[in-house]
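Here is a short guide for a first look at this protein. Keep the structure open as you read.

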Amino acid sequence: MAKPASNKVMDKIVSLAKRKGFIFQSSEIYGGINSCYDYGPLGIELKKNVKDLWWKSMVYERDDIEGVDASILMHPRVWEASGHVDGFTDPLVDCKNCKSRFREDKIDVSKPCPVCGNRDTFTESRSFNLMFKTFMGPLEDTASVVYLRPETAQGIFTNFQNIREASRQKLPFGIAQIGKAFRNEITPGNFTFRTREFEQMEMQFFVKPGEDDKWFEYWMEKRMAWYERIGLKKEKLRFHEHGPDELAHYAKKAYDIEYQFPFDWQEIEGIHNRTDFDLGRHAEFSRKNMNYFDEQAKEKYIPYVIETSIGCDRTVLTTLIDAYEEEEERTVLRFAPAVAPIKAAVFPLVKKDGMPELARKIIDDLRGDYRVFYDESGAIGRRYRRQDEAGTPFCITIDNDTLEKNTVTIRHRDSMAQETIAAGQVKKYLAERLA
Ligand code: ATP
C-alpha cells in the first residue's frame, strides 16, 4: 500500500473531516473566516475524549493537582507582568511585490518569496504583537483596552494563592486548566494545526527551587507516556530541546514533544521550566505576596514552576492524522477506542422480523455509558464502511442467529474479523475492550 504524498494526505483528511462531521470551516456560508474552525458531531466527541483523557491523567488519577477555569479577559496589568505586552511578538516581513506576509523565523529571506518567486523583495523585519485587543465597556479608548488571553497559564498564576489556600495543598502541587486562547498568528495554516482561536490544556506544577530539574524530568516522561495512552504511534513522537536562541523569555529549560506530521516534525506540546519568573513578576506588579512558607524547611520562597502546555485542537488533528489509513477497499480511522467518537454501532441486518426492535434494545442498554449509533439503511457492507470512516471500533449486527440463538455478530474495525457472542454479553464485552 503506497502512501499518498504528504499534502494529498492533508487534503484528504480535511475533506474527510468535513464529510463525516468532524471539523468545518467557520462561517462557511459566508465564504469562511481564515483560521477559525467549528467542530461537528464527531469532532466534539473526539475533542471531548481527548480533554477527558488529559483531565483524567492530570487531575483524577493524582491527588497533587487541582483544577481551575479562569476567565478569558483579565486585568491588562497581567499581560504587562507576564511580559506579553512587550515581548509576545513574532518577527514580521512583507513581500513588497505580492504583499504576502511571513514570519521571518519560518522562511529563509535570502531565498525568493515562496508565494511570487521574486528575489530581494522582503521588507525589513518588524515586531508584531500577537495579542488580540478589544475594549471593555462602552468607551473605545486606551484606558478600556483588554486582551483576549494568548495562553491560559496566567489565570493559573494569578490564582496561585487562592487555590493553594482553598485546597490546602502543599508543595509540590499543580494547577490544571483547559480553555480557549487567542493569538493573531501571522501565518496560520495546515488546517487546525495553527489557528487564531484554539484551546489549550495547561498545567503548572509548583515546586521548591532546587527540585525543579528533577520535576522537569518527571513531567517529560509522564507527558510522553500520555500520547501512547491516546493511541499515537510511538515512532512518530520525539523530544526536541530548545537551544539558547529558541528559549522563551521566562524559561530556564524547554523541551517540545514533536509529532511527525505529513508536512514536517512539529511541536504538539511544550514542557518548560518557567522558574519563579511568573509568580515573581506578579508579586512585583500586583504588590501581593506570592511567597510560599515551607513548614519543613521553615523558610519562605517563591516556588519554581514546571509547565506542561498542550494544544487541544492540535492534538485532535494529530489523532486524526495518526489514525488515518487508506486501504484498497476502504478508508479507516484507527482511533484508540478511548478517543473514538462513537464506541459502537448497532445494525439490524434487515428492517423486519423484529430485528430493528432487538437492535434498539441493545442500543438502549449501552446508551448512557457510551456514544453509540444506530443504522438500518443500506447494505451491511456499506454500513461497516461508514463506521470505518468514523473510526468506530465495534459494529454489532442483529441477524437471523439473534432470533434463533440470541447471539449477535461483532465486527472489528481494524481486522474486519467477525465473531459471535451472546446478545446478553454485549455490554460486558465492550466494557472490557473500552476500559
Ligand atoms: P509556535 O512556536 O509553533 O508558535 P509556541 O511555542 O508559541 O508555538 P506554546 O506557546 O508553547 O507554543 O503553546 C503551547 C501549545 O499550544 C503548543 O504546543 C500548541 O500545541 C498549542 N498552540 C500554540 N499556538 C497555537 C495555534 N496558533 N494554534 C493551535 N495550537 C496552538
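## Terms and model

Two strands count as paired if DSSP finds at least two bridges between them. The model shown is predicted.

## Two domains

The protein chain splits into two domains. Domain 1 takes in 6-74 + 142-322, and domain 2 covers 342-434. How far apart do the C-alpha centres of domain 1 and domain 2 lie? They are 37 Å apart.

## The seven-stranded sheet

Look next for an open sheet of seven strands. Its order is β3-β9-β10-β16-β13-β12-β11, and its pairing is mixed. Why do β3 and β11 each have one side without a neighbour in the sheet? β3 (65-67) and β11 (237-241) stand at the edges with a single partner strand each, so one side of each stays free of a neighbour in the sheet. Direction ignored, neighbouring strands of this sheet are turned by 25° against each other on average.

## Strand by strand

Start at β11. This strand runs antiparallel to β12 (residues 253-260), and five bridges join the two. In this pair, F239 has I257 of β12 as its bridge partner.

I257 also stands opposite E269 in β13. β12 and β13 are antiparallel and pair over eight bridges. A hairpin of four residues links β12 to β13.

Move on to β16. Six bridges join β13 to β16, again in the antiparallel sense. Here N273 has I306 of β16 as its bridge partner.

## Around the ligand

The ligand has 16 residues around it. Which of them come nearest? They are F198, G270, S309, G311 and R314. Four elements each give two or more residues to this shell: β10 (197-207), β13 (265-275), β16 (304-311) and α9 (312-323). β13 gives the most, with four residues.

The shell can also be sorted by residue type. Eight of its residues are charged, five are polar and three are nonpolar.

## Helix α8

Helix α8 spans residues 277-286. Its buried residues are F277, D278, L279 and H282. Among the elements that cover them are α3 (76-81), α5 (153-157) and α6 (160-167). The sheet strands β13 and β16 also help to cover these buried residues.

Just after α8 comes R287. This residue takes a positive phi of about 60°.

Technical notes
Residues numbered from 1 in each chain as written. Predicted model: local features only at pLDDT ≥ 70, side-chain atom pairs only at ≥ 80, totals over all residues. Domains from an automatic or database assignment. Near = placed C-beta within 6 Å. Nonpolar A, V, L, I, M, F, W, Y, C, P; charged D, E, K, R; others polar. Buried ≥ 20, exposed ≤ 12 C-beta atoms within 10 Å, placed from the backbone. Contact = placed C-beta atoms within 7 Å. Axes fitted to C-alpha atoms, helices over the stretch in contact; angles between N-to-C directions.
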